[in-house]
Amino acid sequence: MARIRVSVNERVESAIFDTINYALMIFLCIVTLYPFLNTLAISLNDAIDTVRGGIYIWPRVFSPYNYIKLFSENNNILNATFISASRAIVGSALGVFSCMSLAFTLSRKDFVLRKVFTKLLVYTMYFSGGIIPVYMLMRSLGLINNYLVYILPAIIGAYNIMVIRSYIDGLPAGLIEAAKIDGASEYRILFQIIFPLSLPVLAVIVLFIAVSQWNSWFDTMLYCSSTRSLSTLQFELQKILMASRMLSESAGDAATSMSSSMDVSGMVTPTSIRAAMTMIAVLPILCAYPLLQKYFISGLTLGGVKG
Amino acid sequence: MQQIVKSSKRTDLAPGRKGTLLRKLIEQKQLVVLSVPFMLIVILFSYVPLWGWLMAFKDYKPGVYTILNAPWVGFNNFKELFSDSYFYLALRNTLGISSLKLVFGFVAAITLAVMLNEIKIKAFKRTVQTISYLPHFISWVVAANIVFMSLSPDGGIVNTVLVNLGLVKDPVPFMGMKEYFWLIVALSNVWKDVGWGAIIYLSAMAGIDPCLYESAAIDGAGRLKRIFHVTIPSIAPTIKILLVLNIGWILYSGFEQVYLLGNSSVDEVARTLEIYVYNYAMKYFRYSYGTAIGIFNSVVSFVLITIANKVSKKVDGEGIF
């Protein structure tokens, strides 16, 4: 008898647990997705109508005008989009090439410099010279207001190298031995044997670098804020964010901030502009995300982070 | 991370293969060609800036002196630092924000991982997981925008819900209130990174022997008991490693996030050490003083991570270094 009672209790406990668990998971999904849907709805809604409030996940009065306004008024947006995209492409292409080369040499147990190079790399994960010395270095290298400041420092990432290296370590060691016996050079081993076999992990690294390049804004603010042609999409968004905050702070209540901003920009309110800009800044990630997400997890679990 | 550090300790030269370094280098010149140019970049951008630490012991003024010919001032910058009340304010803000982020982040990620692990419907689990780490891939600029919009007293969703539920009478201007700022930083960090943080624990849970759950069930352990006596102990090593790693970062409360979420009305609680350094460098051009704060951060982090590693070694004989 006692045995049966326990299992009934257990089943009740289990059912309650599952209900709460599923409810919380659904809540998490809503909390995560709602802001994106809401921003999309606001960006596609007529700006004047948005002021009335009550836009949730569907535009009430559909209008593409916010986007048109954004691109026509701020002629820098198109250029900034180009800079952001080119950073992502050039940065990830160069980055994956250099990380792969370095990871390959560090995976070679017989390489004399392996130990010292590995140490030098690992240390970079735990300290940095600090913002001021780094800024001064960039200045003396002539990288201020220079496109290369986006690319060069980001070429090598210690974490990315460790991820690739642990993947190469997992490949059968006999491959390299056999190639060497056949007289293949190290370059050939790297590009014709290791490279094709490492494509899955390299895809992950390309994604990591491209996302971080696309998302960065602080280096633009620090090193290139005085050159309009080098501005990035994220930095433009950051400026809009700061400006609209300043506006609402100085104007006090919402109503006056609305009317004063309408004088400036005609029919588009800061909220609508911000929403449209935000959508442009996340769109590539939102579009690529469903296709690429499975690589992201494998990237995190592939590497040394398993613990 | 453990693997990385451990494997870097392995000896490199196989026994019996001796030779002078130079001869070896010539022998392996192709590997040298493939690695040295990139290591030079690492040294240039990560190690050369350490040279600038000299500034902290000098009275460097941009445009007036170079780092080399600036007059030495010994520890004066550090003395000034430790007697500056703004420094202690910044230290308090940094520690407050980082500890809140650390606690909330850990608890949330572990809880999410445990709950996902209990979901038996594969497709549902996958979907929730995929959605949960989406925000990790957006920039803090976008995330900060979302936080401002959601918490806005003027039609923001949080206020709409609170007012409709009758929890508050009038919309609360959350972003302008000092008492909520740390909490907003910690919670927005959870929103952005909880799914990503959970991945590591989930992969640790994937390695748990199912027999453990079965025998616990036979012994009469219910769902909750199994979580607390099987799941959590099994991922304890992972939790410990991540905790040690994160304690080393306690003086870095996340510059981008705090900078973007901060505003003039919460400045008093939002000025962290990193923002303090940034202000000294970019607004007041006091490079020497700013560098001194940076050195303080680095040294304390180094000491903290060493201590945390020692403690975790003492507790059960295993550290991360």
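## Aromatic and charged side-chain contacts

One aromatic cluster is formed by A:Phe208, A:Tyr289, B:Tyr133, B:Phe137 and B:Trp196. The model is predicted, and every value below is computed from it.

**Aromatic pairs**

Over all chains, the structure contains 32 aromatic pairs. One of them joins A:Tyr135 and A:Tyr223, with ring centres 5.9 Å apart and planes at 15 degrees. The pair counts as stacked because planes under 30 degrees apart fall in that class. A:Tyr135 belongs to helix α6 (residues 131–140) of chain A and A:Tyr223 to helix α12 (residues 218–224) of chain A, so that distant parts of the chain, 88 residues apart, are linked. Both A:Tyr135 and A:Tyr223 are buried.

In chain B, B:Phe87 and B:Tyr88 make an edge-to-face pair, at 5.2 Å centre to centre and 70 degrees between the planes. B:Phe87 is buried, with a relative accessible area of 1%, whereas B:Tyr88 is partly exposed at 42%.

**Charges over rings**

Arginine side chains also lie over ring faces. A:Arg87 sits over the face of A:Tyr150, 4.1 Å from the ring centre. In chain B, B:Arg286 lies over the face of B:Tyr289, and here the distance to the ring centre is 4.4 Å.

**Salt bridges**

Side chains of opposite charge can pair when their charged atoms come close. The structure holds 15 salt bridges over all chains, including those in the table.

| Salt bridge | Closest N to O distance |
|---|---|
| B:Arg223 and A:Asp18 | 2.8 Å |
| B:Lys178 and B:Glu268 | 3.3 Å |
| A:Asp110 and A:Arg108 | 3.4 Å |

Which helices hold B:Arg223 and A:Asp18? B:Arg223 lies in helix α11 (residues 223–247) of chain B and A:Asp18 in helix α1 (residues 2–43) of chain A, so this salt bridge joins two chains. B:Arg223 is buried, with a relative accessible area of 10%, while A:Asp18 is partly exposed at 23%.

The salt bridge between B:Lys178 and B:Glu268 stays within chain B. B:Lys178 is in helix α9 (residues 178–205) and B:Glu268 in helix α13 (residues 267–270), so the pair ties together parts that are 90 residues apart in sequence. B:Lys178 is partly exposed, with a relative accessible area of 38%, and B:Glu268 is partly exposed at 38%.

Salt bridges with shared partners connect A:Arg108, A:Asp110, A:Lys180 and A:Glu186 into one network. Within this network, A:Asp110 is buried at 18% relative accessibility, and A:Arg108 is buried at 5%.

Note on methods:
Residues are numbered from 1 along each chain as its sequence is written. Chains are lettered from A and ligands numbered from 1 in the order in which they are written. This is a predicted model: local features need pLDDT of at least 70, side-chain atom pairs count only at pLDDT 80 or more; totals for chains, interfaces and linings use all residues. Side-chain values use heavy atoms; hydrogens and water are left out. A salt bridge is a side-chain nitrogen of Lys or Arg within 4 Å of a carboxyl oxygen of Asp or Glu. Helices (H or I, at least four residues) and strands (E, at least two) are DSSP runs, numbered from the N terminus. Buried means under 20% relative accessible area, exposed over 50%, partly exposed in between (1.4 Å probe, protein chains only). Rings of Phe, Tyr and Trp (its six-membered ring) pair if their centres lie within 6.5 Å; planes under 30 degrees apart count as stacked, over 60 as edge-to-face and the rest as tilted. A charge sits over a ring if NZ of Lys or CZ of Arg is within 6 Å of the ring centre and within 35 degrees of the ring normal.
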